[in-house]
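Q: Please walk me through the labels attached to this model, and show how each one is earned.

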Amino acid sequence: MARLLPGTRALRTLEAAARHLNFTRAADELGLTPAAVSHQIKEIEDQLGIVLFTRTSRTIRLTEAGAVLFEASTEALDLLGRAVSRAHKMTRGTSFLKVTLDAQFAAKWLMRRVEDFRKQKPGIELRFDIAYGLRDFDLDDVDVGIRFGAGKYPGLCAHRLFDNIIIPVCSPSLLASGPPLNEPRDLFHHTLAHIEWARQGVTWPNWRMWMAAAGIDDFDDSRTVVFGTSTDAVQAALDGNAVALADFAMVANDLSEGRLVRPFQLGIKVAAEFAYFLVYPKTEANDPRIVAFREWILEEVAKTRT
């Protein structure tokens, strides 16, 4: 019977094809050609002696037997993935702590402070998983995460790090040599940068919103430059090409070290429920490595706030 069971690669192909009900989309996900997916499915069917899909010229559908194997494949791959994750964590030892976070938080805040953590906790080696996508602590080889969201993470401990206050920033050279910035309307003479972001009915503050908060209701946003990430918007400000709206916590170092200046004090808060959170599984809350990292990062956050 063991010889009749498809291998892991075949199960992944079956699971993707059944989930998409489309060989082309499954192929894109797996990095294969549609013909290769079709061939692998045919091999599984021949191996098991079972028809898994009914095919027409335009569509495919799961047979009853195919639906049974699709469900089993999903469960098997999930179980194997969780086991592999646990195995990785066991084999890399107790001195390593793997942190998952996005590139902006890493570059603008955490990496500047890592050396201090290493001095305070020489017995713990930090490793990083830089990704914008959310990780699954059961499936991915990570211990703690820093996530931007509403803080509702079932099964996880979540510690709020920063309230997001969006402020205008620019380079000292732009402030010194460009059109003067004495009042908010003077911004009309500059290139203004911001990002577009919306989730769960919440919109990230843009220049139209900032101008409205400043009492300006005739702002023309046709000259604004929209970036996909805050990192790019802040870089435009650092390069002296724009006045950007930025998250205060993410530019605090640039401000304190003189790379950026804050021409106006007015800031706009993002919806109260959204913030950066430190998260980790509740079952691991007493892990000495996580306790050490949690205490350290909350102390550093308090310093940034002041």
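A: Happily! On a 1 Å grid over the protein atoms alone, a cavity is a set of points where a 1.4 Å probe fits but cannot get out, whereas a pocket is an open set with protein on both sides within 12 Å along at least five of seven lines; lining residues have an atom within 4 Å of a point. The model is a predicted one, where local features need pLDDT of at least 70, side-chain atom pairs count only at pLDDT 80 or more, and totals for chains, interfaces and linings use all residues. Residues are numbered from 1 along each chain as its sequence is written, and side-chain values use heavy atoms, with hydrogens and water left out.

Q: How much space lies in the second largest cavity, and which residues line it?
A: About 30 Å³ (the space filled by probe spheres set on grid points joined across faces, edges and corners). Its lining is made of Ile166, Ile195, Trp204, Ser230, Ala233, Leu245, Ala246 and Asp247. H9 and S12 are the elements that give two or more residues to this lining, and S12 has the largest share, with three.

Q: What is the volume of the largest cavity, and which residues line it?
A: Its volume is about 40 Å³. Gln104, Lys108, Ser230, Thr231, Val234, Leu245, Ala246, Asp247 and Met250 form the lining. Here H5, H9 and strand S12 (243-247) each give two or more residues.

Q: Why is Ser230 called buried?
A: Buried means under 20% relative accessible area (exposed is over 50%, partly exposed in between, with a 1.4 Å probe and protein chains only). Ser230 has 15%, so the label fits. This residue lies in helix H9 (residues 230-238), helices being DSSP runs of H or I with at least four residues and strands runs of E with at least two, numbered from the N terminus. Leaving aside neighbours within four places in sequence, Ser230 is in contact (heavy atoms within 4.5 Å) with Gln104 and Ile195.

Q: What makes Lys108 and Asp254 a salt bridge?
A: The rule asks for a side-chain nitrogen of Lys or Arg within 4 Å of a carboxyl oxygen of Asp or Glu. Lys108 and Asp254 come to 3.1 Å, N to O, so they qualify. The pair links distant parts of the chain, with Lys108 in helix H5 (residues 103-110) and Asp254 in helix H10 (residues 248-256), 146 residues apart. Lys108 is buried at 12%, and Asp254 is buried at 2%. Both belong to a salt-bridge network that also links Arg112, Glu257 and Arg259.

Q: Is Arg19 buried or partly exposed, and what of its partner Glu15, buried or exposed?
A: Arg19 has 39% relative accessibility, so it is partly exposed. Glu15 is at 13% and therefore counts as buried. Their closest N and O atoms are 2.8 Å apart, in a salt bridge. Both lie in helix H1 (residues 8-20), four residues apart, about one turn of the helix.

Q: Which residues are closest to the centre of the largest pocket?
A: The pocket holds about 600 Å³ of space. Of its 28 lining residues, Asp102, Tyr132, Phe148, Trp197 and Arg199 are the closest to its centre. Strand S5 (144-149) is one of the strands that supply at least two lining residues, and S5 gives the largest share, four.
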